Amino acid sequence: MLILALGFFVHRSTRFAGSLAGGALGVSGALLMLSGSAYALVKRVGPLQKALTGKVSLRTMLAWHVYTGIVGAILALLHTGHKFQSPLGMLLTAAMMLVVFTGYVGRYLFNAVAQELREKREALSKLQAQYDAVSIDLGRRAAPGVATAGLTSRLVAGFFLPSAALEGIGDATAARALRLAEAMADLEYSIKMHDVFKTASSRWLKWHIAVSIVFFVLLGIHVWAGLFYGLRWFHP
């Protein structure tokens, strides 16, 4: 689709959009995009959703919405013949590209962020469980009476082992707790940043709907203008 859009800079056909082949592509693209927009209506109108979701799931409708939007936009770009003569046509094409772009952001980028956020929260939950277990272990070591356990053997070991080795043995649990705490802090910071991005990107839906409404209004005017001034599909 991006390659077709860039074709505006290398190819132009001033009569293709009004020809029979160009008109067929335009009508097909418009019908596909209109059929895909039904998903937004079904999702927000309760009675309509109850009546249809028993036959077709919302997931299937969303897939249809995505693919008809892409294929319809490609047919519409082919329909233009890369012509820059009509301000309405240029506005319509720009609005269509914005609809596709905002739809892509919502469908893939937003979902990818949400999935990564879920995975990080699961990882944080596992780290929290490990940290709790280590904390309990440290608490037992610090309990009265436990500190004197093995005192004789530790005093004897001090004559034969270097001090660094003794510190490593005694602080292993505490060091693990510290590493877990650092990993949890990193994950919590990352989750907070993802939350900020998710909140910001959640506004995409409003933009997608607003641009889609503008696009279909322009599409209606474009169709009306074509009918009003007369079709020339069968004229050379």
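## Leu-219 and its neighbours

Let's start with Leu-219, which touches Ala-30 and Leu-92, leaving aside residues up to four places away in sequence. Keep in mind that you are looking at a predicted model. Leu-219 is part of helix α9. Is Leu-219 buried or exposed? Its relative accessible area is 11%, and buried means under 20%, so Leu-219 is buried.

Leu-219 also shows how folding brings together parts of the chain. Count along the sequence and Leu-219 and Met-96 are 123 residues apart, yet in space their C-alpha atoms are 9.4 Å apart. You can find a similar story at Val-223, which sits in helix α9. Its C-alpha atom is separated by 9.7 Å from that of Gly-26, although these two are 197 residues apart along the chain. Val-223 has a relative accessible area of 42%, which makes it partly exposed.

## The whole chain

Now zoom out. How many helices and strands does the chain have? The count comes to nine helices and zero strands. Of the chain's 236 residues, 27% count as buried.

Those distant partners fit a wider pattern. Take the contacts in the chain with a separation of 6 or more: 84% of them are between residues 24 or more positions apart.

## The nonpolar cores

Which residues touch the most other members of the largest nonpolar core? They are Met-33, Leu-92, Met-96, Phe-215 and Leu-219, out of 13 residues in that core. Helices α2 (20-44), α4, α5 (87-141) and α9 (204-229) each supply at least two residues of it. There is also a second, separate core of nine residues, and Leu-127, Val-134, Leu-187 and Ile-191 are among them. As background, nonpolar side chains tend to be buried together in soluble globular proteins.

Met-33 is a good one to click on. Setting aside residues up to four places away in sequence, Met-33 touches Thr-68, Gly-69, Gly-72, Ala-73, Ala-76, Met-96, Phe-215 and Phe-216.

## Helix α4: Thr-68 and Gly-69

Two of those partners of Met-33 are Thr-68 and Gly-69. Thr-68 is found in helix α4, which covers residues 58-80. With a relative accessible area of 3%, Thr-68 is buried. Beyond residues up to four places away in sequence, Thr-68 touches Leu-32, Met-33, Ser-35, Gly-36 and Ala-73. What lies 3.3 Å from a polar atom of the Thr-68 side chain? That is the backbone oxygen of His-65.

Gly-69 lies in helix α4 too. With the same neighbours in sequence left out, Gly-69 touches Met-33, Trp-64 and Val-100. Gly-69 and Ala-30 are 39 residues apart in sequence, and their C-alpha atoms are 9.4 Å apart in space.

## Helices α2 and α5

Helix α2 has 25 residues, and the distance from its first C-alpha to its last is 37 Å, close to the 36 Å expected at 1.5 Å a residue. Its buried residues are Gly-22, Gly-23, Gly-26, Gly-29, Ala-30, Met-33, Gly-36, Tyr-39 and Val-42. What covers these buried residues? The cover includes α3 (46-52), α4, α5 and α9. When you read down that buried list, one general point helps: an α-helix has 3.6 residues a turn, so residues three or four places apart point the same way.

Helix α5 has 55 residues, which should span 81 Å at 1.5 Å a residue. The C-alpha atoms at its ends are 78 Å apart, which agrees. Where does α5 bend? Look at Gly-106, where the helix bends by about 30 degrees.

## Aromatic pairs

A search of the whole structure turns up three aromatic pairs. In one of them, the rings of Phe-215 and Phe-216 have centres 5.1 Å apart and planes at 65 degrees, so this pair is edge-to-face. The two residues have their own exposure classes: Phe-215 is buried at a relative accessible area of 3%, while Phe-216 counts as partly exposed at 26%.

The rings of Phe-228 and Tyr-229 have centres 5.0 Å apart and planes at 90 degrees, so they are edge-to-face as well. Both Phe-228 and Tyr-229 are exposed. Ring pairs also join Trp-224 with Phe-228 and Tyr-229 in a cluster.

How values were computed:
Residues are numbered from 1 along each chain as its sequence is written. This is a predicted model: local features need pLDDT of at least 70, side-chain atom pairs count only at pLDDT 80 or more; totals for chains, interfaces and linings use all residues. Side-chain values use heavy atoms; hydrogens and water are left out. Helices (H or I, at least four residues) and strands (E, at least two) are DSSP runs, numbered from the N terminus. Buried means under 20% relative accessible area, exposed over 50%, partly exposed in between (1.4 Å probe, protein chains only). A polar contact is a pair of N or O atoms within 3.5 Å; within protein, one must be able to donate a hydrogen and the other to accept it, and residues adjacent in sequence count only if both atoms are side-chain atoms. Contact means heavy atoms within 4.5 Å. A nonpolar core is a set of buried Ala, Val, Leu, Ile, Met, Phe, Trp, Tyr and Cys residues joined through side-chain atoms within 4.5 Å. The expected span of a helix is 1.5 Å times one less than its number of residues. The bend at a residue is the angle between axes fitted to the seven residues ending there and the seven starting there. Rings of Phe, Tyr and Trp (its six-membered ring) pair if their centres lie within 6.5 Å; planes under 30 degrees apart count as stacked, over 60 as edge-to-face and the rest as tilted.
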